[in-house]
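I opened this notebook to record what I looked up in the structure, one topic to an entry. The notes follow the order in which I went through the elements.

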Amino acid sequence: MCLDVPDGHGVIEVIGDDGGSLLLLGGDPAVLEANDGCGSVGWLAARAGTGGPGLAEVKYLTEWLSAPGLVPDPRTGRAEPPDPECLRPLLSLLAPGRYVMTAALAPHPLRVVHPRARQVQSWYSDEELALVTTDTWPPRDHRAVRGYGDRIRAGGTLPALVALFPTAGSCVGYLLDGHHKLAAYERAGTPPMVIRLTPQEPRPFRRHDLDRARAAFSDGAARRPGDALSRVFAYMREESV
């Protein structure tokens, strides 16, 4: 059945495709979602829009990260960084600039931080490394977690996580890819292999960055699931005044 909406107010609109879609409320971006089977990398790539990494590129990257062939030194845990071309789909999503890449087993202890309502509610200065998740945690695809766990326990080439750190000395990084892999490492009780990306010239936190963060966090409550219709009706009430 097809139906026409000739008198629509244009408040609710959805654009995109199966790779990524965007919900607009009153013309403003409200929710961006991507479910292409590529985890957080696919979700991040969807934000690039036209001209960003394609589905085939993202799938190749996620498959390569499941067995990148990084061999840690038995004494230091460090590994030779991979060829940057292997990470090209993800690197193309970064801000322009020069980055330093390293690879090593994560030190112990490792802390996983999942922001609630886009706010980290605890401090972790005593940990040697903390990874802030950027996707659903814990992951819901239990089959993928079990598959990575089998590979980890079997030995050989280890799956790799990719995290972005603000400075070379920072103990806190943002997990860009590898949420299922990290869950598998935790279940196996094994330190994960982490590919670490860091801007060569750290970008200082400026006043307008703080203002943008405050604006985003203050709007966080309106972005929680179930609040979309409330925002629509609030918008329509404002327009009718």
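Entry 1, helix α5. Before listing anything I fixed the term: I call a residue buried when its relative accessible area is under 20%, and exposed when that area is over 50%. With that cut-off in hand I went to α5, where H179, K181, L182, A183, A184 and Y185 are buried. Just after α5 I found G189, which takes a positive phi of about 70°. I noted beside this that most residues other than glycine have a negative phi. I also wrote down that the model I am reading is a predicted one.

Entry 2, the overall count. I looked up the elements and found 7 helices and 10 strands in the protein. Of the 241 residues, 32% count as buried. I then turned to the contacts in the protein with a separation of 6 or more, and 61% of these are accounted for by residues 24 or more positions apart.

Entry 3, the sheet. In what order do the strands of the open sheet of 7 lie? I read the order as β4-β5-β10-β8-β9-β7-β6, and the pairing is mixed. The edges are held by β4 (78–79) and β6, each of which has a single partner strand, so one side of each is left without a neighbour in the sheet. At the β4 edge I found 2 bridges joining β4 to β5, and these strands run antiparallel; A79 stands opposite A103 in β5.

Entry 4, strand β10. I checked β10 next and found it mostly covered, with 6 of its 7 residues buried. Its pairing with β5 is antiparallel and extends over 7 bridges, whereas its pairing with β8 is parallel and extends over 5 bridges. I looked for a residue that appears in both pairings and settled on M193, which is the bridge partner of L105 and also the bridge partner of A160.

Entry 5, strand β9. How many of the 6 residues of β9 are buried? I counted 5 of the 6, so β9 is largely enclosed by the rest of the structure. Strand β7 (residues 129–132) pairs with β9 in the parallel sense over 3 bridges, and β8 pairs with β9 in the antiparallel sense, also over 3 bridges. For the first pairing I noted G173 as the bridge partner of L131, and for the second I noted Y174 as the bridge partner of L164.

Entry 6, helix α2. I went through α2 (residues 55–65) and listed V58, L61, T62, W64 and L65 as buried. Seen down the axis of α2, these buried residues fall within an arc of 160°, so they line one face of the helix. On the face turned away from the buried side I found the exposed residues A56 and E63. What do the buried residues of α2 pack against? I traced their packing to the helices α1 (39–46), α3 (88–91) and α5 (179–188), and to the strands β8 (160–164), β9 (172–177) and β10 (193–199).

Entry 7, cis peptide bonds. I looked at the backbone with the reminder that most peptide bonds are trans. The bond from H108 to P109 is cis, with omega near 0°, and P109 has its place in the loop between β5 (99–105) and β6 (110–113). The bond from W137 to P138 is also cis, with omega near -5°, and P138 lies in the loop between β7 and α4 (142–154).

Entry 8, cysteines and rings. I searched for disulfides and the structure holds 0 of them. Are C86 and C171 buried or partly exposed? I recorded C86 as buried because its relative accessibility is 16%, and C171 as partly exposed because its relative accessibility is 27%. I then searched for aromatic pairs, of which the structure holds 0. For a charge over a ring I noted R196, whose charged end sits over the ring of F165, 3.6 Å from the centre of that ring.

Terms used:
Residues numbered from 1 in each chain as written. Predicted model: local features only at pLDDT ≥ 70, side-chain atom pairs only at ≥ 80, totals over all residues. Heavy atoms only, no water. Disulfide = S-S within 2.5 Å. Buried < 20%, exposed > 50% of the residue type's maximum accessible area, 1.4 Å probe, protein only. Phe/Tyr/Trp six-rings, centres within 6.5 Å; stacked < 30°, edge-to-face > 60°. Lys NZ or Arg CZ within 6 Å of the ring centre and 35° of its normal. Arc of directions from axis to C-beta. Contact = heavy atoms within 4.5 Å. Pairing = 2+ DSSP bridges.
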